[in-house]
Every structure is written in C-alpha cells, then in structure tokens.
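Me: I'd like a close look at how the aromatic rings sit in this model. Please go on from there to the parts around them.

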Amino acid sequence: MSPRKRPKKNASAMKMLGAQLAAFRRAAGYTQRSLGERIGADEETIASIEQGRRALKADLAEMLDELLDTKGALSAGVENLPEVDLFPLWAEEFMDHEREAIALSAYQNQVLPGLVQTEAYARTVFRNRVPAYDEDEIETFTAARIERQQILHRRVPPTVSYVVWEPVLRLPVGGRQVHIEQLRHLRARSELPGLSIQFLPLNRTSHAGLNGPFVLMETPDHQHLAYAETQRGSQWVADPDEVSILARKYAMLRAQALTPEVSQGLLNRLLGEQ
C-alpha cells in the first residue's frame with residue numbers, strides 16, 4: 001500500500017487528541033453540552049474536537065486542562081501535534097486491521113505485496129513515485145513497510161494467501177541484484193507456515209482479476225473486509241454483499257493461478273536463469 005499524498009491536516013493525530021479529551025471529559029462527569037457551557041463553547045464545537053474534525057487550540061487546551069485537572073496533558077498534546085500525518089487515516093486504518101488480522105488474501109498485478117518485499121525492493125518502489133518523495137520520506141516509508149512485516153512472525157501468525165500476476169515476478173525492479181535478492185526472499189517467505197504464494201501465468205487468455213488488485217482480510221472477531229487502492233485514492237469495503245463479490249473473484253483467481261508447488265518451481269527456474 002502507498003503512504004501519504006501530503007495531507008493538509010494531521011487528521012489521525014487530531015483524532016487521537018480528541019479521543020483523549022473525550023475520555024478526560026467523561027472521567028470528570030461532563031457531557032459535551034455541559035462542558036461547552038463551562039468554557040463558553042457550543043456542544044457541536046466539543047463534538048467536532050473530540051471526533052478530530054476541528055483542531056484543539058492552545059488557549060482552549062489550557063482552559064480544559066485546568067477545568068478537567070489533566071495536569072497539562074492536553075496542552076502538551078497540542079504543542080506536540082505534527083504538522084502533517086505520516087499516513088492518512090485510511091492508511092492508518094488499513095495497517096491497524098492488518099496488524100491484528102487472522103487472515104489476509106490479496107491479488108496483485110503491479111508490485112509484490114508489501115509484506116513480502118525486501119528493503120531494497122520497497123525503497124525502489126517508493127523512489128519511483130511521481131511526484132517524487134525526498135530521501136528522508138523514502139527512508140521513513142521503507143522502514144515502516146519493513147516493520148509491518150513483523151505480523152508474519154507473530155506467535156500465532158495470520159493465514160496469508162497471495163495471487164500475483166507473473167509479469168510482476170519478472171519485472172526487475174531496482175536492477176538485477178535487487179531482483180535476485182527479491183526472488184530469493186520471496187522463495188523463503190513462501191516456506192513460512194500459513195503463507196501461500198501463487199502466480200497467475202502470463203499465458204492465460206482470461207482471468208478474474210482484470211479490474212485490478214484488492215485485499216481481503218478477516219478480523220479477530222470474524223468480520224470480513226475488503227480494500228482496494230487506486231492511483232489517487234482507496235476504498236474500504238465492509239458491505240457483506242460487496243465483500244462476497246471480491247471473495248468470489250479471489251477464489252476464482254486461486255483456481256486460475258499456478259498451484260503453490262508449481263509457483264515455487266517457477267521461482268526456482270527464474271533464479272536458475274539469473
């Protein structure tokens with residue numbers, strides 16, 4: 001998944017600070033309306049701040065710290081809010097779900113899935129972004145992508161299934177050495193328990209993924225979600241009927257792809273050709 005597109009507001013940080021205000025308010029026994037009356041603000045203003053839709057200003061934070069006896073916590077939060085988010089809210093939400101998911105499935109036809117990328121491959125993907133990221137951003141995003149891969153090493157890792165279009169496998173992203181390293185890494189990842197990688201062969205005359213890549217996930221409480229990302233946006237899908245459509249597409253893609261064993265053989269052949 002791609003990181004931010006330079007959002008103008010630190011939306012997720014504002015949401016977190018708003019949630020803290022809501023917790024402090026409830027602990028002090030105030031409703032949104034009664035708190036607003038005490039500080040000369042309307043109920044909607046308090047609600048907007050708590051929901052992260054309106055920024056908490058320094059003077060109001062200081063007043064609330066005194067009224068709620070929060071010992072400067074809100075003022076410190078306002079003072080240390082980042083100017084912009086590293087990731088927009090939809091990306092934060094994706095990573096939160098991914099971190100806790102018990103099952104992940106994805107079809108990819110552009111780049112390899114982020115959880116099986118090497119550091120060099122991921123860095124190259126970010127370096128190819130147009131308009132370009134600066135070097136600090138590239139390193140930050142690369143480190144964040146590699147950190148996400150820790151979920152594969154949880155005590156109880158998720159069940160992971162990938163279907164990847166064969167040209168993605170053959171594309172020498174980053175040059176020959178990065179490509180070889182990535183193929184070896186992919187082969188090692190494919191041997192992890194509970195992780196399956198299948199390649200959709202180039203010679204198929206039709207397949208169920210012509211509308212593009214998507215991700216399916218199951219949460220610990222067995223909610224089924226889907227996620228699709230495009231050049232300039234992303235979409236969460238929670239409606240059971242819509243998730244079912246994508247799940248059926250994925251089931252068809254798995255049937256149309258090479259088996260995991262044959263896919264492993266393709267990887268071995270490509271490495272032997274290097």
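Reply: Happy to help: this structure holds 8 aromatic pairs, where two rings of Phe, Tyr or Trp (its six-membered ring) pair if their centres lie within 6.5 Å. The model is predicted, so to speak of local features takes a pLDDT of at least 70, and side-chain atom pairs count only at pLDDT 80 or more, while totals for chains, interfaces and linings use all residues. Residues are numbered from 1 along each chain as its sequence is written, and side-chain values use heavy atoms, leaving out hydrogens and water.

One of the 8 aromatic pairs joins phenylalanine 94 and tryptophan 236, with 6.0 Å centre to centre and 40° between the planes, which is tilted (planes under 30 degrees apart are stacked, over 60 edge-to-face, and the rest tilted). Phenylalanine 94 belongs to helix α6 (residues 89-100) and tryptophan 236 to strand β6 (residues 233-237), so this pair ties together parts that are 142 residues apart in sequence. Helices (H or I, at least four residues) and strands (E, at least two) are DSSP runs, numbered from the N terminus. Phe94 and Trp236 also form one aromatic cluster with Tyr227. Phenylalanine 94 is buried, with a relative accessible area of 4%, whereas tryptophan 236, at 23%, is partly exposed (buried is under 20% relative accessible area, exposed over 50%, partly exposed in between, with a 1.4 Å probe and protein chains only).

Phenylalanine 126 and phenylalanine 141 also make a tilted pair, because their ring centres are 5.8 Å apart and their planes stand at 55°. This pair links helix α7, home of phenylalanine 126, to helix α8, home of phenylalanine 141, across 15 residues. Both phenylalanine 126 and phenylalanine 141 are buried.

Now for the two helices themselves. The axes of α7 (residues 119-127) and α8 (residues 135-148) come within 9 Å and cross at roughly 135°. Axes are lines fitted to C-alpha atoms, for helices over the stretch in contact, with angles from 0 to 180 degrees between N-to-C directions. The two helices are therefore oblique to each other (under 35 degrees is roughly parallel, over 145 roughly antiparallel, 65 to 115 roughly perpendicular, and the rest oblique). From α7, the contact takes in Glu119, Ala122, Arg123, Val125, Phe126 and Arg127, and from α8, Glu135, Ile138, Glu139, Phe141, Thr142, Arg145 and Ile146, with contact meaning heavy atoms within 4.5 Å. By type, these contact residues are 6 nonpolar, 1 polar and 6 charged (Ala, Val, Leu, Ile, Met, Phe, Trp, Tyr, Cys and Pro are nonpolar, Asp, Glu, Lys and Arg charged, and the others, Gly among them, polar).

The loop between α7 and α8 holds proline 131. The peptide bond from valine 130 to proline 131 is cis, with omega near -5°.

Another loop worth a look on your screen runs between α4 (58-68) and α5 (73-79), where you will find aspartate 69. Aspartate 69 is not a glycine, yet has a positive phi of about 55°, and is exposed at a relative accessible area of 55%. Lysine 71 is found in the loop between α4 and α5 too. Its phi is also positive, about 55°, although lysine 71 is not a glycine, and at 72% relative accessibility lysine 71 is exposed.
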